Amino acid sequence: MGRFKSDFLQVLDERGFIHQVSEPEQLDEIAARERITAYIGFDATAPSLHAGSLLPIMMLYWLQQTGHRPITLMGGGTTKVGDPSGKDESRKLLSEEQIARNLEGIKKVFSRFLKFGEGPTDAIMLNNAEWLDNLNYIAFLRDYGRHFTINRMLTFESVKRRLEREQPLTFLEFNYMILQAYDFLELYRREGCILQMGGSDQWGNIVNGIELIRRVEGGQAFALTSPLLTTASGAKMGKTAAGAVWLDANMLSPYEYWQYWRNVEDADVGRFLRLFTTLPLDEIRRLEALQGAEINEAKKILATEATAMLHGRAAAEEAAETARRTFEEGALAEGLPTVEIPRESLKEGLGLLRAMVLAGLAKSNGEARRAVKGGAVRVNDEKISDERLILTEEHINDEGVIKLSFGKKRHVLLKPV
């Protein structure tokens, strides 16, 4: 028997999603007895969410799967302010048009994980601009500002960290936590929402909302936070040397997304299978027990299952097959990223360093040069040691392309047109 009675908390607990819960026994009792509504807020600071947002999305997924109702709250209003939590510096302010564009991109991702609609457990998407944009400042301060003390706000981790490092914390951002608390109150009033979830750095902000609901409405609400997720070596989740791991296929192909999961550290396999796939726990225990080279099989399953959740089963299988053909058979697979280049450039001769930059395998000639010197660059699977190599039509292989590789895992096909 687990420590929780409700399926919802039981699943989150078993799979490693829970860091802190306010009044866990009471929340568990309510969730076991009736359908609850819970929300997570997402700010629209980029045109797509990245893999760092998968943890909260999966929390909403399991909430719905265990018979409850999720709200995805888009921060159309709060994005205009900027959340200081976990940040060392102020966020760049975006225009209304940029925010609207970003929201459109972000919405698509959620429909992959959640069922939206009118049913009792169907997810709904709201935008806090709906109530924040029209607030009357004086009335808001009078009605809600009196419930917040500066003394208390200064004790929050996010604020303390900024002040200790003598990083400026603007009054605009200081208001963020009041606005987030007000969001919770609005959702409690409008949708009967009693639970807010988020990362562990959001604990103070969520507790503020619980207090506000208690003081203004005499109601009871709850907080649930997940652990701050880092990889086994301490790197931030969702970031790679090449940049963010975007959830939008236009910004990161399903193949590259599959590769991200395939290349996780051995020590992370079991944890990531629990958090980012829906595989049964018995199967996960079997996979994480694999030793030596066999752990690679578990990584491939992780990659395929995580990719299937986001991009669909067909795209995931295709990515797995592309990887198999490329790495296990050494064959050129059509699914590899392809960059078209003018055939003319090969007639004149295309420098290898320039080709690496064109293919997106290096950001600059300097980076490409260092990669060649480090023995990391191959042309048609042959290691290249001469940084002055000129690619010509003679380098076109039987498949009609030139295969450029940076290390063992990054490959691009140059296709002359």
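**A tour from strand S4 to helix H19**

Begin by selecting strand S4, which has a covered face formed by Ile124 and Leu126 and an uncovered one formed by Met125 and Asn127. The model on screen is a predicted one.

**The sheet around S4**

Extend the selection to the neighbouring strand. S3 and S4 pair in the parallel sense over four bridges; to see one pairing, display Leu73, whose bridge partner in S4 is Leu126. Next, show the whole sheet: six strands form an open sheet in the order S1-S6-S5-S2-S3-S4, with mixed pairing. Its edge strands are S1 (20–21) and S4 (124–127), each of which pairs on one side only.

Now move to the edge at S1. In which sense do S1 and S6 pair? The pairing between S1 and strand S6 (residues 222–226) is antiparallel, over two bridges. Select Val21 there, and its bridge partner in S6 is found to be Leu224.

**Helices on the sheet**

With S1 and S6 still displayed, add helix H11 (residues 203–217). H11 packs on the sheet and touches S1, strand S5 (195–199) and S6. The direction of H11 makes about 170° with that of S6.

Then select helix H4 (residues 96–113), which lies across strand S2 (37–42), strand S3 (69–74) and S4. Relative to S3, H4 runs at about 160°.

**The pair H13 and H15**

Two packed helices are described by the angle between their axes and the distance between the axes. Select helix H13 (residues 269–276) together with helix H15 (residues 295–311): their axes come within 10 Å and cross at roughly 20°. Because angles under 35 degrees count as roughly parallel, H13 and H15 are roughly parallel to each other. The crossing in which H13 passes H15 is left-handed. For the contact itself, show the side chains of Val269, Phe272, Leu273 and Phe276 in H13, which meet Ile295, Ala298, Lys299, Leu302, Ala306 and Met309 in H15.

**Helix H19**

Finish at helix H19 (residues 365–373), and display its buried residues, Ala368, Ala371 and Val372. Why do they lie on the same side of H19? They cover an arc of only 100° around the axis, and therefore share one side of the helix. Rotate the view to the face turned away from that buried side, where the exposed residues Arg370 and Lys373 are carried.

Turning back, add the partners of the buried residues of H19: these residues pack against helix H18 (352–358), strand S11 (377–379) and strand S14 (402–406). The last stop is Gly375, just after H19, which takes a positive phi of about 75°.

Methods: Residues are numbered from 1 along each chain as its sequence is written. This is a predicted model: local features need pLDDT of at least 70, side-chain atom pairs count only at pLDDT 80 or more; totals for chains, interfaces and linings use all residues. Side-chain values use heavy atoms; hydrogens and water are left out. Buried means under 20% relative accessible area, exposed over 50%, partly exposed in between (1.4 Å probe, protein chains only). The arc is that of the directions from the helix axis to the C-beta atoms. Contact means heavy atoms within 4.5 Å. Two strands pair if DSSP finds at least two bridges between them. Axes are lines fitted to C-alpha atoms, for helices over the stretch in contact, and angles run from 0 to 180 degrees between N-to-C directions. Angles under 35 degrees count as roughly parallel, over 145 as roughly antiparallel, 65 to 115 as roughly perpendicular and the rest as oblique. A crossing is left-handed if the near helix is turned anticlockwise from the far one by less than a right angle, and right-handed if clockwise.
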